[in-house]
Amino acid sequence: MRMVDIIAKKRDGHELSTDEIQFLVRGYTDGSIPDYQMAAWAMAVLLRGMTPRETGDLTLAMAGSGEQLDLSSLPGIKVDKHSTGGVGDKTTLVVAPLVAAAGIPVAKMSGRGLGYSGGTIDKLESFSGFQVERTREQFLDQVKEIGVSVIGQSGNLTPADKKLYALRDVTATVEAVPLIASSIMSKKIAAGADAILLDVKVGSGAFMKTLEQAETLASAMVKIGTQVGRKTIAVISDMDQPLGFAVGNALEVQEAIDTLAGRGPRDLTELALSIGAHMLVLGELVKDVEEGRKRLEEIIQRGEAVEKLAQMIEAQGGDKQDVYDPSRLPRASLTAQVTATQDGYITAIDAEKVGHASVVLGAGRLTKEMPIDLAVGIVLAKKRGEQVRKGDVLATIYANDAALLQQAEVELAGAYGYSTEPAWSQPLIYKTILE
């Protein structure tokens, strides 16, 4: 086989064979296929697309390009959860201990965040002493013992995807849905999941800005899961405004703890219960979402969800007292309030602008090498649809640098839209895709 023939075949809109896809993934991973040829192929995919069968073959080839985690020693059906990311999205911090407390083993690898705030791993480092790097044996033993572990992604997991992801970023092919879908699903499959729950975000603070785009991506990933023998469900959820009130690492950790204790924001609680209930169905612990939701609500009421988080923090070297007393988490030295400029109803809170403000403060990173400030961020006081009067506090900014605080104030002030009439209510969950 020759790579130039494969490029031409896809350029002309033809379907690649399984052998051709395996050839290009293998060759790009070992360096025998150069960047410029892979870039040409990625552009052909962006313009011509891929069939579900091609996308499934690409996913399996990338999953098999490096290490694959064997979770067969763990009891039960292993259900993984993935979010396409958004502003204030701390759902994993809630869902992982919650479903583990219900009896679903959660063996999760997560990455560090790029963009609006840290990833799940960054947020967990708000707990003093918490270790995100664990050996495979430590990882599996912890899940066997307490039912849950969240660690950093293995360095040799899906190396083909790492190379292709970096190439897409600099060749204007990031938007190719088959490549996005196979990138996400290859990591989930390599991480050993039996079943996968996908939270696909849509709105100003998400990669997918429209519902049509989000549905296309969600459907593509569910089809991949079905093709490769993994039960997969996708939930499409709102990211036109931040999720919950807190944006920033330690601030989001505290909000996650509050949610596990039954006193969290309504939207975060609702999303966590919905995702968690679907995970219980995928894990065959309950017959339907309604039964799963009821079980999770009971676990929260009994205090078992908070206790499970504390067990995980302690098992990975952290201080579980941080869970029971979140005032021990990192704290910023400066605060400022952003207030309403007029009377009326809040019609919009631009999640992207709130996210940019958090990056200005240092809560997020623009490159993998950038340091992150775990203490800084933003806590909203009002959400979309609420009535306000001029001078009411809309949000509090937490900072460790006065100049950055001033920049964030300007950015955040421009995130709000007002009206004299009540705002139209947008759904939290737009759609659930099962097949």
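User: In which sense do strand β7 (residues 334–339) and β11 pair, and over how many bridges?

Analyst: Strands of a sheet pair through backbone hydrogen bonds, either parallel or antiparallel. Here β7 and β11 pair in the antiparallel sense over six bridges. Two strands count as paired if DSSP finds at least two bridges between them. The strands (E, at least two residues) and helices (H or I, at least four) are themselves DSSP runs, numbered from the N terminus. Please note that this is a predicted model, in which local features need pLDDT of at least 70 and side-chain atom pairs count only at pLDDT 80 or more, while totals for chains, interfaces and linings use all residues. Residues are numbered from 1 along each chain as its sequence is written, and side-chain values use heavy atoms, with hydrogens and water left out.

User: Which residues stand opposite each other in these pairings?

Analyst: Between β7 and β11, Ala336 stands opposite Ile397. Strand β9 (residues 377–380) also pairs with β11 in the antiparallel sense, over four bridges. There, Leu380 stands opposite Ala395, and Ile378 has Ile397 as its bridge partner.

User: In what order do the strands of the sheet lie?

Analyst: Four strands form an open, antiparallel sheet in the order β6-β9-β11-β7. Its edge strands are β6 (246–247) and β7, each of which pairs on one side only.

User: Is β11 largely enclosed or largely open to the outside?

Analyst: Burial is judged by relative accessible area: buried means under 20%, exposed over 50%, and partly exposed in between, with a 1.4 Å probe and protein chains only. Strand β11 (residues 393–399) is largely enclosed by the rest of the structure, because five of its seven residues are buried.

User: Which residues other than glycine have a positive phi?

Analyst: Most residues other than glycine have a negative phi, and most peptide bonds are trans. Among those that depart from this pattern here are Ala172, with phi near 60°, and Glu284, also with phi near 60°. Ala172 is found in the loop between α8 (159–169) and α9 (177–190); its relative accessibility of 51% makes it exposed. Glu284 belongs to the loop between α12 (266–282) and α13 (289–301) and is likewise exposed, at 57%.

User: How many salt bridges are there, and how does one recognise them?

Analyst: Side chains of opposite charge can pair when their charged atoms come close. The rule requires a side-chain nitrogen of Lys or Arg within 4 Å of a carboxyl oxygen of Asp or Glu. By this rule there are 29 salt bridges. One of them joins Arg2 and Asp5, whose closest N and O atoms are 3.0 Å apart; Arg2 is exposed at 53%, and Asp5 is partly exposed at 39%. Another joins Asp199 and Lys201 at 2.9 Å. Asp199 is buried at 0%, and Lys201 is buried at 1%. In the pair Asp319 and Arg328 the closest N and O atoms are 2.4 Å apart. Salt bridges can also form a network, as with Glu15, Arg53 and Asp57.

User: How many cavities does the structure hold, and what lines the largest?

Analyst: Rolling a probe the size of a water molecule over the atoms shows where empty space is left. On a 1 Å grid over the protein atoms alone, a cavity is a set of points where a 1.4 Å probe fits but cannot get out; a pocket is an open set with protein on both sides within 12 Å along at least five of seven lines; lining residues have an atom within 4 Å of a point. Points are joined across faces, edges and corners, and a volume is the space filled by probe spheres set on them. The structure holds four cavities of 30 Å³ or more. The largest contains about 50 Å³ of space, and its lining includes Val79, Asp80, Thr92 and Met279. Helix α5 supplies the largest share of that lining, four residues.

User: How large is the second largest pocket, and which residues are closest to its centre?

Analyst: The second largest pocket has a volume of about 450 Å³. Of its 18 lining residues, Gln241, Arg266, Asp267, Lys383 and Arg384 are the closest to the centre. Helix α12 gives the most to this lining, with three residues.
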